[in-house]
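Biologist: Please take a close look at one part of this model, the place where two helices pack against each other. Then set that contact beside the other features that can be described.

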Amino acid sequence: MKLLPVILCGGAGTRLWPLSRELSPKPFVHLPDGSTLFAKTLARCAALPEALAPVVVTHKDHAHLARHAAKEAGFDIPQMLIEPIARNTAAAVAFAAVHAERSASVGEPVALFILTSDHLIEPISAFVDAAEIARKTAMLGKLVTFGIKPTHPEVGYGYVETGTELSTGALEVKRFVEKPKLDVAKQYVESGRFYWNSGMFVLPLVLLVAELKKHCPDIYDACLRAYSPNEIGRADITANFSEYEKSPSISFDYAAMEKSANVALVPASFSWSDIGSWNAFADMLPADANGMRRHLGVSGRHVAHDSERTYVHSGRRLIATLGVRDLTIVDTDDAILVAANDRAQDVKHIVEALKKDGSELAKLPAVVRRPWGTYEVLNDEPGVKVKRIVVHPGASISLQLHRHRAEHWTVVAGSGEIEIDDAKIACKRDTTVFIPVGAKHRVKNTGTEDIVFIEVQTGDKLIEEDIQRFEDQYGRA
């Protein structure tokens, strides 16, 4: 039985705000060592002996981020199963199962190795060993999960109660338990029978499909209808929106694992963290004698006086701390977070408040990555927004128009072609153009260097949603 790694990739981007945002979530945040959690997941897949090439299940807004992160880390771009709408992990697993059914070689047993893209797992050798135990256990006809031995009574994780040991070294699963209250979590830890639910699974394809049909047929059927046979063999396979949205939005644990009578658990011998808060992020860095931890960019600096047990994150600016204790300070180009360390889990409330106010700071990072390049907002005030836009060689923004804004473009580097309605204009440094409201337009980079231009928007509604696409080489039209 071969393993087919399936990487579930995405997220809301709330717990590590302002570094993580909805359109640039945790798997793609650069860690203190310069890597990303997504790249580390690809590295673990590459270490699995004789495993099949990984498949990534991701939302349409994150696919280009996954491609970029893979390329940045030196990995081949994995095949993408693209969700047009987020439907939680049950639909993601079912989508991958349908794909495996359609594309698996005849007579070759396969087990899906479901991996989340935002976990930190070390060392890789222990991960590989645990995966082999899970593979052998799956061959016994079990859905296999990985359990983490609790180090403290954590109320933010789900738990799994175990029983008899199997011949492979895995344990029979008695039940899954949702996030418990503190006193109950203490009892679980003391008993020695409970493990944290890691959210990783090894699932024999034939058994997985049978369990999906038995316990959540509506989810499986929706994914089956959403998967077009015409997509087989393509690098990107996008689910049909109208069918995929019919799937209930629930977790795979709740939809199938908790209801199945054929579940086993492999106790993990590796260290595991879901980097679920700024405290966990800070713990990846060494502390000085005063308990201070720092993650500084190229030009970021920190000066401290009479400061203790504080994490400082700065990319570009100087942060000075005076007489502070037990704080988390995160400075990005467009937002600053100052939080008490014991409130790190509550950052989501800040994000919820921003969404309620209609602020794009919850959704967009300072530098927004698109399939064609990047853009950065330099100034944003009522009626006027200024962006710095970069289009990579061979790339093109979509042919589009805006209903509520006009745009003035000034090219500052690179060369290419600007299209405005029926006119095509060769552009280079110092080329300026005006794009009136309602005009179809795009820019193509026909050169060998990035095109960089400054865009000045004017109008009564300067939002990203004011885009109507007509042609797009990235499938977004």
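Modeller: In this predicted model, helix α3 (residues 88-103) and helix α7 (residues 217-226) have axes that come within 9 Å of each other and cross at roughly 55°. Because of that angle, α3 counts as oblique to α7. The crossing in which α3 passes α7 is right-handed. On the α3 side the contact is made by Ala90, Ala91, Ala94, Phe95, Val98, Glu101 and Arg102. On the α7 side their counterparts are Ile219, Tyr220, Cys223 and Leu224. Sorted by class, the residues of this contact are 9 nonpolar, no polar and 2 charged. Glu101 and Arg102, both in α3, are the charged ones.

Two numbers were given above for the pair, and the reason is general. Two packed helices are described by the angle between their axes and by the distance between those axes.

A second helix pair can be set beside this one. The axes of α1 and α4 come within 10 Å and cross at roughly 55°. That crossing angle makes α1 oblique to α4. Here α1 passes α4 in a right-handed crossing. The α1 residues in the contact are Ala43, Arg44 and Ala47, and they meet Ile124, Phe127 and Val128 of α4. The class count for this contact is 5 nonpolar, no polar and 1 charged.

Both of these helices adjoin a loop that holds a cis peptide bond. Pro123 lies in the loop between β5 (120-122) and α4 (124-138). The bond leading into this proline, from Glu122 to Pro123, is cis with omega near -10°. Pro18 is found in the loop between β1 (2-9) and α1 (37-47). The bond from Trp17 to Pro18 is likewise cis, with omega near 10°. One further backbone feature concerns Asp421, in the loop between β24 (416-420) and β25 (423-427). Asp421 is not a glycine, yet its phi is positive, at about 50°.

Next come the spaces in the model. The second largest pocket encloses about 1,200 Å³. Its lining has 32 residues, and those closest to the pocket centre are Lys60, His64, Pro371, Tyr474 and Arg476. Elements that give two or more residues to this lining are α2 (63-72), β10 (236-238) and β19 (367-370). Of these, α2 provides the largest share, 5 residues. By class, the pocket lining has 10 nonpolar, 7 polar and 15 charged residues.

The structure also holds 1 cavity of 30 Å³ or more. The volume of this cavity is about 220 Å³. Among the 20 residues of its lining, Trp372, Lys387, Gln400, Glu464 and Ile467 are closest to the centre. Strands β21 (384-391), β23 (405-413) and β28 (451-459) are the elements that give two or more residues to the cavity lining. The cavity lining divides into 7 nonpolar, 5 polar and 8 charged residues.

To return to the part you asked about, the contact of α3 with α7 has no polar residues. The contact of α1 with α4 has no polar residues either. The lining of the second largest pocket, in contrast, includes 7 polar residues, and the lining of the cavity includes 5.

Terms used: Residues numbered from 1 in each chain as written. Predicted model: local features only at pLDDT ≥ 70, side-chain atom pairs only at ≥ 80, totals over all residues. Heavy atoms only, no water. 1 Å grid on protein atoms, 1.4 Å probe; cavity = no way out; pocket = protein on both sides within 12 Å on 5 of 7 lines; lining within 4 Å. Points joined across faces, edges and corners; volume = space filled by probe spheres on them. Helix = DSSP H or I, 4+ residues; strand = E, 2+ residues; numbered from the N terminus. Axes fitted to C-alpha atoms, helices over the stretch in contact; angles between N-to-C directions. Parallel < 35°, antiparallel > 145°, perpendicular 65-115°, else oblique. Left-handed = near helix turned anticlockwise from the far one by under 90°. Contact = heavy atoms within 4.5 Å.
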